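Subject: Structure for your review

Dear colleague,

Please find below the structure that I would like to hand over to you. My notes on what was found in it follow directly after.

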Amino acid sequence: MTTAVDDAALLAERFVRGDERALAEIYGQWSALVYSLALRSLGDATDAEDVTQRVFVAAWQGRERYDPQRASLSAWLVGITRHSIADAHQARSRERTITAQVAAITGDDAVPAPEVELADRLLIADEMARLEPLQRQVVQLAFFDDLTHLQIAERLGMPVGTVKSHIRRSLTKLRGRLEVSRGSAT
């Protein structure tokens, strides 16, 4: 008669060896915990789903580094979850910063002189044209059509996490290019 400890050890061993059925079993046992930790911290179901996916992908890709002598499989997964949640918070912070910087550049708050506003619009249009077509489309849908990440994902038939990644990378590129352009203009 096997015990739960023996079953858990066998499952971990199968997982480390690369048994995909073991991964499916581990996902079945621990995905709800990972998801609930992410949801509690991030407060957004879509972000929690993204973190859950990243945790299990990271676990699968790093399974050779799992040491059952150091931690149980569940504790190891919770550790990966904590790091993934922290990464998600950092990504949010970067995205807010970049969005604020782009908003400041295109600012609706102040009424600049018409020639300055036109120059900024032309600069932004030029920089947008340099983006990859899919990234440009995602940014246009987000900022000019005012669609949510979920609406963009549904319209383009892609995962929400991919939409967020496209926006984040595009805004980073735009910010870098606009800083260079503004720096050379002064």
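The accessible surface of the chain comes to about 11600 Å², and carbon and sulfur atoms account for 54% of that area. Please keep in mind that this is a predicted model. Of the 186 residues in the chain, 32% are buried.

The chain contains eight helices and zero strands, so that its pattern along the sequence reads α-α-α-α-α-α-α-α. Among contacts between residues at least 6 apart in sequence, 60% join residues at least 24 apart.

Helix H2

Helix H2 covers residues 20-42. A straight helix of 23 residues would span 33 Å, yet the end C-alpha atoms of H2 are only 29 Å apart. Where does H2 bend? The bend is at Trp30, and its angle is about 50°. At the N-terminal end, Asp19 acts as a cap for H2, with a side-chain oxygen 2.9 Å from the backbone nitrogen of Arg21. Just after H2, Gly43 takes a positive phi of about 75°. The buried residues of H2 are Ala22, Ile26, Ser31, Val34, Ala38 and Leu42.

The nonpolar cores

In soluble globular proteins, nonpolar side chains tend to be buried together. The largest nonpolar core of this model has 21 residues. Which of them touch the most other members? They are Phe15, Ile26, Val51, Val55, Leu73, Trp76 and Leu77. Helix H1 (4-17), H2, H3 and H4 each supply at least two residues of this core. A second, separate core has 18 residues, including Ala142, Leu147, Met158 and Leu171.

Val51 offers a view of the contacts around one member of the largest core. Leaving aside residues up to four places away in sequence, Val51 touches Ala38, Leu42, Ser84, Ile85 and Ala88. Two of these residues, Ala38 and Leu42, also appear among the buried residues of H2.

Three individual residues

Arg63 sits in the loop between helix H3 (45-61) and helix H4 (73-106). Is Arg63 buried or exposed? Its relative accessible area is 15%, and because the cut-off for buried is under 20%, Arg63 counts as buried. A polar atom of the Arg63 side chain lies 2.6 Å from the backbone oxygen of Trp60. Apart from residues up to four places away in sequence, Arg63 touches Phe15, Val16, Arg17, Gly18 and Trp76. Phe15 and Trp76 are also named above as members of the largest nonpolar core.

Arg82 lies in helix H4. Its relative accessibility is 63%, and because the cut-off for exposed is over 50%, Arg82 counts as exposed. Arg82 and Ser41 are 41 residues apart in sequence, while their C-alpha atoms are 9.6 Å apart in space.

His166 belongs to helix H8, which covers residues 160-185. With a relative accessibility of 11%, His166 counts as buried. His166 touches Leu134, Gln135, Val138 and Met158, again without counting residues up to four places away in sequence. Of these, Met158 is included in the second nonpolar core.

With kind regards,
A colleague

Notes. Residues numbered from 1 in each chain as written. Predicted model: local features only at pLDDT ≥ 70, side-chain atom pairs only at ≥ 80, totals over all residues. Heavy atoms only, no water. Helix = DSSP H or I, 4+ residues; strand = E, 2+ residues; numbered from the N terminus. Buried < 20%, exposed > 50% of the residue type's maximum accessible area, 1.4 Å probe, protein only. Contact = heavy atoms within 4.5 Å. Areas by Shrake-Rupley, 256 points an atom, 1.4 Å probe, with all protein chains shown as cover. Polar contact = N/O pair within 3.5 Å; in protein donor to acceptor, adjacent residues only side chain to side chain. Expected span 1.5 Å × (residues − 1). Bend = angle between axes of the 7 residues up to and from the residue. Core = buried A, V, L, I, M, F, W, Y, C linked by side-chain atoms within 4.5 Å.
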